[in-house]
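Work through these exercises with the model open. Try each task before you read its solution.

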Amino acid sequence: MTKNVFFSPAWLPNRNASDRSGSIIRKIRKIFNSANFSEKINKGDLVCIKTNFGDPGNANVVRPVVYRTVAEIIHKAGGKPFLAETNGHGYMNHKRSAAHYIDSATWHGLTIGSVRAPLILLDGFWGVDGVEVKVPNNLVLEKAWVARGLVGVDHVVSISHFKGHSPYKRGQSIAASLKNLGIGCTTKTGKYLAHFDPPLYVDEDKCDGCKRCLSKCPVPTAIEVSNGKARINEELCLLCGHCKSLCPPKAIVPSGLHSEELLQKFIVDLSKATLEVVGKEKFTFLNSAYDIVTGCDCRPVNSVPLVPDVGFLLSSDPVAADRATLDLVNEASGIPGTEADQLDCVAPGKEKFGTCRLFEFCETAGLGSGDYELIKASPKKTPPLRL
Ligand code: SF4
Ligand code: SF4
């Protein structure tokens, strides 16, 4: 089934730089107006703006003005917006708990004052508060844990930075609406299962019995140390990865690491689980195709974009949104002197992110539609913003 994807381009070739229709606020309002977004919001609706706060060392993330503009649109439609994320896996980085991650968001200028919406972690303080759900028509994952904070919300606006996703090899896949829906809406358990094989086990040759792994386990009986060796109870373990991160000799290890292709299958299953829990009719997906780089925002790396900015794309279907954005990015000329040279994708039409099989897996699993109609957002419907 063909899905509508609304497009507000970054560059308007027939206008000059001083034309106010080039305003980023105007572009976002235009695209929401064209999609009749306000008709989806009833007075008093609780509206989640789901995004990726990103690593403090990465400035390629979505800018605060985008969130503020969307929050204003929701307020104006009568809804109550909140800006939301889920915790990252493990206990190493800025995403380890709600306290750490909300603090990290402030590095990117995201506060209740700047966005006009409170910041919430959807999967609780430690990132393990989820609703168990059976994955319908699954590819690889039988059950998943969707962040409990999403249960009962009236609408979700997913805002994703469109970029590559290359944890194993540069330029192998994309990260945008589908990743924000699958990985981004699940607990630490889902993030573990997407990347690694269960269970976590203790390499007894390396374990020295120091007990550091016990200190941040959210299930106090899931790991114990006796006779100088740690043991994990598979029945109780939530696979949050805290013990793994904290173990000095790295004695706690996953049973295996997934390939990029297998990770993409897990993203599809986790996306289906999220839609099952929240309701697929409740989602609007906005891709911000600005600062398009090969690496994910969760890395502390600030990269140089490999293609010029493309613009904003909006759809009720995450597959259509990502497919349309990827097609526009692939059609663009790569920027010489950037990674586009190394990836041999400077010529227009060359694939910028290599062998991305995500859409093939979506089709097999019956998730969304890769068929889309690109609709230019209409400037006529959008009056200037009065600040
Ligand atoms: S932190 Fe590591 S070395 Fe220390 S007891 Fe736990 S598993 Fe063993
Ligand atoms: S034993 Fe399981 S639940 Fe406890 S910290 Fe380790 S991974 Fe998390």
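A residue counts as buried if 20 or more other C-beta atoms lie within 10 Å of its own. The model is predicted.

**Exercise 1. Determine how many residues of strand 14 are buried, and which way each one points.**

Solution.
- Start with the count. Strand 14 spans residues 283–289, and 7 of its 7 residues are buried.
- Now sort by direction. Phe 283, Phe 285, Asn 287 and Ala 289 point one way. Thr 284, Leu 286 and Ser 288 point the other way.
- Combine the two steps. Both sets are buried.

**Exercise 2. Find the strands that pair with strand 14, and the partners of Ser 288.**

Solution.
- Take strand 7 (residues 155–161). It runs parallel to strand 14, and 6 bridges join them.
- Take strand 15 (residues 311–315). It runs antiparallel to strand 14, with 5 bridges.
- Locate Ser 288. His 161 stands opposite Ser 288. In strand 15, the bridge partner of Ser 288 is Phe 312.

**Exercise 3. Explain why the buried residues of helix 3 lie on the same side.**

Solution.
- List them. In helix 3 (residues 98–107), Ala 98, Tyr 101, Ser 104 and Ala 105 are buried.
- Check the arc. These residues cover only 130 degrees around the axis, so they sit on the same side of helix 3.
- Look for the cover. It includes strand 3 (80–85) and strand 4 (119–121).
- Step past the helix end. Just after helix 3, Gly 109 has a positive phi of about 80 degrees.

**Exercise 4. Describe the shell around ligand 1.**

Solution.
- Count the shell. Ligand 1 is surrounded by 14 residues.
- Name the closest. These are Cys 207, Cys 210, Cys 213, Ala 230 and Cys 247.
- Split by class. The shell has 10 nonpolar, 1 polar and 3 charged residues.

Methods: Residues are numbered from 1 along each chain as its sequence is written. Chains are lettered from A and ligands numbered from 1 in the order in which they are written. This is a predicted model: local features need pLDDT of at least 70, side-chain atom pairs count only at pLDDT 80 or more; totals for chains, interfaces and linings use all residues. A residue is buried if 20 or more other C-beta atoms lie within 10 Å of its own, exposed if 12 or fewer, and partly exposed in between; C-beta atoms are placed from the backbone. Helices (H or I, at least four residues) and strands (E, at least two) are DSSP runs, numbered from the N terminus. The arc is that of the directions from the helix axis to the C-beta atoms. Two residues are in contact if their C-beta atoms, placed from the backbone, lie within 7 Å. A residue is near a molecule or strand if its C-beta atom, placed from the backbone, lies within 6 Å of it. Ala, Val, Leu, Ile, Met, Phe, Trp, Tyr, Cys and Pro count as nonpolar, Asp, Glu, Lys and Arg as charged, and the others, Gly among them, as polar. Two strands pair if DSSP finds at least two bridges between them.
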